[in-house]
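Here is a short report on one protein model. Please keep the sequence and the structure in view while reading.

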Amino acid sequence: VVAAIVIVAVTLAGGDDGDTTAEPPPTTERGDPTVITAGGGTRIGDAEVGDIARQMTAGLASGDFEAYAEAFDLRGEALEAERLRFENWKEVPFARKEMVALEFGDRAHDSGGGEVRTKAEVAFIHQIEGADIRPVAEVYELELVKEGPDAPTRVVAMTGDELASGLYPQPWDVGPIHVVTTERAVVIGFEEDAELLESRAGTIDAGVGGALDDLAGVDDEPLARRVVVMVPAPGAEVTSLLAGTDGETIHEVAGLAYDQMTAPLEDIEGNWLAPDDQDTFEGAGRVVLEREFVVEGRGIEELTRHETAHVVQYAWKAKNSEISAAHDAGEDLPGADFTRIPRWMVEGFGDYVGHGFAAGATRSYEYDLAIAAARAGQAELHDDSRTFYDGTNEDRDRRYGLGMTVFLYLEDTFGRETTLRFANRVFGAPSREAMERAYQELLGMDREQLEQAWRSWLTARA
């Protein structure tokens, strides 16, 4: 069983259009998007797109699709697709949901007063209750048309912008969804799988809750109470969600964890969005489980624990507060970029938590493969994230197992508390130097010495 971690961390920024008027633009009695004119020409500016986003937000708040889609000029299937997405959002336990205007491809202006067309991005900023400590975002691209200086700006197409976020589509973009909310998980799948999702929600809840409880208190900042777990539609690959419309499975995986995109700090007009004077939004994690494993019910709790461990890794990375100090000290940033953390460590920690630490891990298939590798004199750790998942399923499981046994060595030698503190320090390190300090201060050795000690420990057990 292979479970993987996918890193997609993007911070969005707002924009500014110097061509907009200085005074707040008017709105019509029915709330149509504001029309901005200059020199008799036709123009679509920042304020107009901001008004469209605010109008969509008002519709979200009232639960009224007609209000949400007031600026839409869509027909047939295109309109019904937006109506379905809107109805899907009603099923999700959002603590916050709004649309915010982000950026243009090009500002549109025709000095002759003719029709203008352009595209602009809006972020669906949302916060799932109990799962997102701070808001996250999914980006959509609006195709906009304005027929003349006095005409309203109309939305003639709305599509997911996977290039901007790398986290499209979400289940609500695909088809009618079914949501099961438990104490520790929000399980989102599809209507045709309603019975399946209801029957597996308890096991998923146990996996999420077990991992979150086991890792609670390692960091000073609290973890979320829940994790969002998604299940693809029947016949769809695990990469059909959050990996773009052309997502392909490179190898067999049982689950994926994604680093959810952070919400923007400000909108296109420069309005500050962060609450309580925060200078940043932090992202959250999302888990996608291979539907085949959910149907068969095999190893779901262990798999969900593994992926939840990755979500905690994201939380530790996001909560790091020492980046400014590391920068001022001239250190090599960013240490918390997971492409710079050995892949055996990322996935080995996932298996270590996934199997329930030493008690469960030493009974696992991956552990047996690691012992066999040591017996054959092949106890080598695989660093490179680009090639870590190459080869057969057994090759990959062996790499997972070898990484996991490093954490078993640490627990056996230093205890579980120090092992978890070490993982927290490494995954949240703001710089390469901070990672090196974690080795020395908690283990009293550098990475090379750790690998030598681990290899001797594992070989003695082969």
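## A buried salt bridge

Arginine 286 is buried, with a relative accessible area of 0%. This is a predicted model. Arginine 286 forms a salt bridge with aspartate 132. The closest N and O atoms of the two are 2.9 Å apart. The pair links distant parts of the chain, 154 residues apart. Aspartate 132 sits in the loop between E5 and strand E6 (136-146). Arginine 286 belongs to strand E12 (residues 285-289). Aspartate 132 is buried as well, at 5% relative accessible area.

## Other salt bridges

The whole structure holds 32 salt bridges. One of them joins arginine 225 to glutamate 183, with the closest N and O atoms 3.5 Å apart. These partners are 42 residues apart in the chain. Arginine 225 is in the loop between H5 and strand E10 (227-230). Glutamate 183 is in the loop between strand E8 (177-181) and strand E9 (185-190). Arginine 225 is partly exposed, with a relative accessible area of 33%.

Another salt bridge pairs aspartate 383 with arginine 447, the closest N and O atoms being 2.4 Å apart. It spans 64 residues of chain, from the loop between H11 and H12 to helix H15. Both ends are partly exposed: aspartate 383 has a relative accessible area of 35%, and arginine 447 has 28%. Salt bridges with shared partners also join Glu129, Glu183, Arg225 and Arg226 into one network.

## An unpaired buried aspartate

Which side chain of opposite charge is nearest to aspartate 205? It is arginine 184, 6.0 Å away. Aspartate 205 is buried, yet has no salt bridge. A salt bridge needs a separation within 4 Å, so the 6.0 Å to arginine 184 does not qualify.

Aspartate 205 lies in helix H5 (residues 194-215). A polar atom of its side chain lies 2.8 Å from the backbone nitrogen of arginine 184. Leaving aside neighbours within four places in sequence, aspartate 205 contacts Thr182, Glu183, Arg184 and Ala185.

## Helix H15

Helix H15 covers residues 447-460, 14 in number. From first C-alpha to last it reaches 20 Å, close to the 20 Å expected. Which residues of H15 are buried? They are Leu450, Glu451, Trp454, Trp457 and Leu458. These residues cover an arc of only 130 degrees around the axis, so they fall on the same side of H15. An α-helix has 3.6 residues a turn, so residues three or four places apart point the same way.

The buried residues of H15 pack against four helices: H9 (343-354), H11 (365-375), H12 (393-414) and H14 (432-443). The face turned away from the buried side carries the exposed residues Glu448, Ser456 and Ala460. At the start of H15, a side-chain oxygen of aspartate 446 comes to within 3.2 Å of the backbone nitrogen of glutamate 448.

## Two buried alanines

Alanine 120 lies in strand E5 (residues 116-128). Its relative accessibility is 1%, so it counts as buried. Its C-alpha is 9.8 Å from that of methionine 158, 38 residues apart along the chain.

Alanine 315 is in helix H7 (residues 300-318). It is buried, with a relative accessible area of 17%. The C-alpha atoms of alanine 315 and glutamate 221 are separated by 9.1 Å, with their positions 94 residues apart along the chain.

## The whole protein

The protein has 15 helices and 12 strands. Of its 462 residues, 55% count as buried. Among contacts between residues at least 6 apart in sequence, 72% join residues at least 24 apart.

Key
Residues are numbered from 1 along each chain as its sequence is written. This is a predicted model: local features need pLDDT of at least 70, side-chain atom pairs count only at pLDDT 80 or more; totals for chains, interfaces and linings use all residues. Side-chain values use heavy atoms; hydrogens and water are left out. The expected span of a helix is 1.5 Å times one less than its number of residues. Buried means under 20% relative accessible area, exposed over 50%, partly exposed in between (1.4 Å probe, protein chains only). The arc is that of the directions from the helix axis to the C-beta atoms. Contact means heavy atoms within 4.5 Å. A polar contact is a pair of N or O atoms within 3.5 Å; within protein, one must be able to donate a hydrogen and the other to accept it, and residues adjacent in sequence count only if both atoms are side-chain atoms. Lys and Arg count as positive and Asp and Glu as negative; His and the chain ends are not counted.
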